[in-house]
Every structure is written in C-alpha cells, then in structure tokens.
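Dear colleague,

I am passing on a structure that will be new to you, together with some notes on what was found in it. Please have it open beside this message as you read.

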Amino acid sequence: MPMPSEAEIDRLFHAAKAAQAMAHAPYSGFRVGAAVLGEDGAAFAGCNVENAAYPLGACAEAGALSAFVLAGGRRLRAALVLGEGEALTTPCGGCRQRLREFASPDAVVLVAGPQGVRARFTLEALLPASFGPDNLAPTRGPR
Ligand code: THU
C-alpha cells in the first residue's frame with residue numbers, strides 16, 4: 001500500500017478541518033474532525049457527534065469510516081485526526097480498533113491541529129499486536 005503523498009495529506013487535512021467545523025460537541029466543547037484516505041486517494045471525513053445521553057456520542061473517526069464504507073471503501077491507506085489544544089488528539093482506543101478493520105498495521109495515522117500535521121504514527125505503533133480481520137480468516141464468511 002503506497003504511502004500518502006503530500007497532496008493526499010493536504011487533502012486529508014482540509015477534509016478533516018471542514019468536518020471539525022461541523023462537530024456537534026456541546027458537552028465536551030472539544031471539536032474533532034477526522035478523514036480517511038482510500039486506495040484511490042479519495043478522502044472521507046467525519047466529525048464528533050455528542051449526545052445528551054453522554055455514552056452515545058460518536059467519535060469523528062466513526063463518522064469518517066461510515067462515509068468511507070458507504071462509498072464502497074474497504075481498504076484505507078491513511079487517517080488524519082484533527083483536534084484542539086496543546087495535547088495531541090490521538091485516536092481513542094476504540095477508534096484505533098475501528099481503523100484497524102480497514103487498515104493494515106503499516107497504515108499512516110496523522111495527528112493534526114488547526115495549523116497542520118503535528119505527528120505521524122503507524123497504526124502498529126498506536127495499536128501493537130492488534131487483532132484484525134485476518135484473525136477471523138479461518139472461520140469468516142464473505143464480507
Ligand atoms: N473524540 C473524537 O471524536 N475522536 C478522538 O479520537 C478523540 C475524542 C471526541 C469524542 C468526544 O466527543 C470528544 O472528542 C471528547 O472526548
């Protein structure tokens with residue numbers, strides 16, 4: 001799977017930034033945008049969507065993955081998460097696993113702030129020794 005080019009990273013950043021502006025985060029006040037890069041270089045974005053029943057809130061990555069799957073995406077090359085504040089907005093543990101469903105361990109995960117990309121990881125670094133679709137290969141049916 002090819003590494004994302006600078007132009008593709010730029011595309012992810014702008015898609016995530018536009019999505020962040022649409023976040024529904026009235027409870028935490030913490031707005032997040034995310035975007036994932038498909039095999040063909042298309043970007044799909046999502047924002048966090050909180051809920052008055054707090055545990056039902058959804059992360060930005062989940063929204064981006066829904067858009068990606070709806071468009072027919074099954075393998076992603078990179079993801080970018082854009083948050084606010086001093087600390088890096090790295091994907092939460094659950095979202096690392098969500099990304100793993102569609103990404104191999106060498107996929108690139110970028111963490112951005114409003115001004116641009118701040119850190120770059122592999123999914124393997126964020127989710128070592130992961131459990132993924134291949135673990136089910138012996139028993140699973142068609143996907
Ligand atoms: N959040 C995300 O959308 N993605 C992350 O990777 C980290 C956290 C959201 C969830 C919640 O709406 C807010 O940020 C505060 O946790």
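Helices (H or I, at least four residues) and strands (E, at least two) are DSSP runs, numbered from the N terminus. This is a predicted model, in which local features need pLDDT of at least 70 and side-chain atom pairs count only at pLDDT 80 or more, while totals for chains, interfaces and linings use all residues. Residues are numbered from 1 along each chain as its sequence is written, and side-chain values use heavy atoms, with hydrogens and water left out.

To begin with the fold, the protein chain has four helices and five strands, and from the N terminus on these elements follow the order α-β-β-α-β-α-β-β-α. The C-alpha trace spans about 45 × 40 × 30 Å along its principal axes. The radius of gyration of the protein chain (taken over C-alpha atoms) is 15 Å, which agrees with the value near 15 Å that a compact globule of 143 residues would have, where the globule rule is 2.2 Å times the number of residues to the power 0.38. Of the contacts (heavy atoms within 4.5 Å) in the protein chain with a separation of 6 or more, 63% join residues that are 24 or more positions apart.

Turning to burial, 43% of the 143 residues of the protein chain count as buried, where buried means under 20% relative accessible area, exposed over 50%, and partly exposed in between (1.4 Å probe, protein chains only). One residue to look at is D40, which sits in the loop between β1 (33–38) and β2 (43–47) and counts as exposed, because its relative accessibility is 67%. D40 and R75 are 35 residues apart in sequence, and their C-alpha atoms are 9.8 Å apart in space.

The cysteines deserve a careful look as well. How many disulfides does the structure hold? There are zero disulfides, a disulfide being a pair of cysteine sulfur atoms within 2.5 Å. For C47, the closest cysteine sulfur is that of C59, and at 11 Å it is too far for a bond. C92 is likewise in no disulfide, and the nearest cysteine sulfur, in C95, is 3.8 Å away. As for their surroundings, C47 is buried, with a relative accessible area of 17%, whereas C92 counts as partly exposed at 35% relative accessibility.

With kind regards
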